[in-house]
Amino acid sequence: MKLLNKKIALVTGGSGDIGRSIVKTFVKHGANVIFTFFSSKKEANKLEVELKNSVESYKIDLSDFNSSENLVKNILKKYKTIDILVNNAGIIKDNFLLKISKEDWDYVIKTNLYSVFNLTKHVIIPMMKQKKGSIINMSSIVGLTGNIGQSNYASSKAGIIGFTKSIAKELGKKNIRCNVIAPGYIITKMNSNLNCDIKKNWIKNIPLQRAGTPQEVANCTLFLASDLSNYVTGSVLNVNGGLI
Ligand SMILES: NC(=O)c1ccc[n+]([C@@H]2O[C@H](COP(=O)([O-])OP(=O)(O)OC[C@H]3O[C@@H](n4cnc5c(N)ncnc54)[C@H](O)[C@@H]3O)[C@@H](O)[C@H]2O)c1
């Protein structure tokens, strides 16, 4: 059964590990997918070829408000509407608070949190007109728990949760659902630099005794994007093997 037949979906950070899985899963379920990337044009092109050009990609810095507005305008010109928005793009720039520079603080907050505001603000306009939409924002377990060396990242991810819960209340009457996914330890490039001992230690504390996969995050995103979750809004879906 195709869960997203002919839906128009915008997925940010589609060239990354989790984003790529979301794009592929949405296409498999019949959606027309537009995805964004920032730095990795090679990965974006590879994905377009793999999906036989059934997707379209845009290079954009989502921390910039005007570029985000233009992106939405361009998509609407071509596709008329946007049914699903997945704010997935995100970065880390870890350091202890004593050592974090103002530049690295701004960089992470702007890329992870401002980007969600920048795009969502414009995407809700077509969703309000059609009185339907699903917005899924990618947070992280550390947005709930905090983490040593990640005060910038954890703040951005906690901000995403507060933002999503607020707009779920604002937009419910327009039948626009807004939910968060909070992944735990997922095997991706983002955490490939961590040393083995840290990884082993994490896994020891996970009830399911393993890291998650990008596909497992994509499956949860599919659920929240589809009509299967029609009565779910303002929720945080933990995808962390039971860690919290
Ligand atoms: N990997 C994990 O274990 C994990 C855990 C919890 C949450 N997450 C979250 O999941 C999301 C995806 O993570 P991933 O591991 O696939 O990351 P990734 O590094 O593989 O991909 C990140 C994506 O964000 C895009 N991006 C970076 N800066 C951008 C900018 N300024 N404007 C627009 N796009 C930009 C990149 O081009 C890329 O497509 C992120 O929000 C991340 O915080 C990941």
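Helix 4 and helix 6 pack with their axes 8 Å apart, at an angle of about 15 degrees. Because angles under 35 degrees count as roughly parallel, helix 4 is roughly parallel to helix 6. The crossing of this pair, helix 4 and helix 6, is right-handed. Please keep in mind that what you are looking at is a predicted model.

## More helix packing

Two packed helices are described by the angle between their axes and the distance between the axes. With that in mind, let us turn to another partner of helix 4. The axes of helix 3 (residues 65-79) and helix 4 (residues 102-130) come within 8 Å and cross at roughly 30 degrees. That angle makes helix 3 roughly parallel to helix 4, and the crossing of helix 3 and helix 4 is right-handed.

How do helix 1 and helix 8 pack? Their axes lie 8 Å apart, at an angle of about 50 degrees, with helix 8 spanning residues 214-225. That makes helix 1 oblique to helix 8, and helix 1 passes helix 8 in a right-handed crossing.

## Around the ligand

Now for the part you may want to zoom in on. There are 28 residues around the ligand, and Ser15, Ile18, Asn88, Tyr153 and Thr188 come nearest. By class, this shell has 12 nonpolar, 13 polar and 3 charged residues.

Which protein atoms are paired with oxygen atoms of the ligand? The table gives three such pairs, two of them with side chains and one with the backbone.

| Residue | Protein atom | Distance to an oxygen atom of the ligand |
|---|---|---|
| Serine 15 | N or O atom in the side chain | 2.7 Å |
| Aspartate 17 | polar backbone atom | 3.0 Å |
| Tyrosine 153 | N or O atom in the side chain | 2.5 Å |

Taken alone, the ligand exposes 840 Å², and the protein buries 92% of that area. Which elements give two or more residues to the shell around the ligand? They are helix 1 (17-28) and helix 6 (151-171). Both also appear in the packing described above: helix 6 packs with helix 4, and helix 1 packs with helix 8.

How values were computed: Residues are numbered from 1 along each chain as its sequence is written. This is a predicted model: local features need pLDDT of at least 70, side-chain atom pairs count only at pLDDT 80 or more; totals for chains, interfaces and linings use all residues. Side-chain values use heavy atoms; hydrogens and water are left out. A residue is near a molecule or strand if one of its heavy atoms lies within 4 Å of it. A polar contact is a pair of N or O atoms within 3.5 Å; within protein, one must be able to donate a hydrogen and the other to accept it, and residues adjacent in sequence count only if both atoms are side-chain atoms. Accessible areas come from the Shrake-Rupley method with a 1.4 Å probe; for residues, only the protein chains shown count as cover. Helices (H or I, at least four residues) and strands (E, at least two) are DSSP runs, numbered from the N terminus. Ala, Val, Leu, Ile, Met, Phe, Trp, Tyr, Cys and Pro count as nonpolar, Asp, Glu, Lys and Arg as charged, and the others, Gly among them, as polar. Axes are lines fitted to C-alpha atoms, for helices over the stretch in contact, and angles run from 0 to 180 degrees between N-to-C directions. Angles under 35 degrees count as roughly parallel, over 145 as roughly antiparallel, 65 to 115 as roughly perpendicular and the rest as oblique. A crossing is left-handed if the near helix is turned anticlockwise from the far one by less than a right angle, and right-handed if clockwise.
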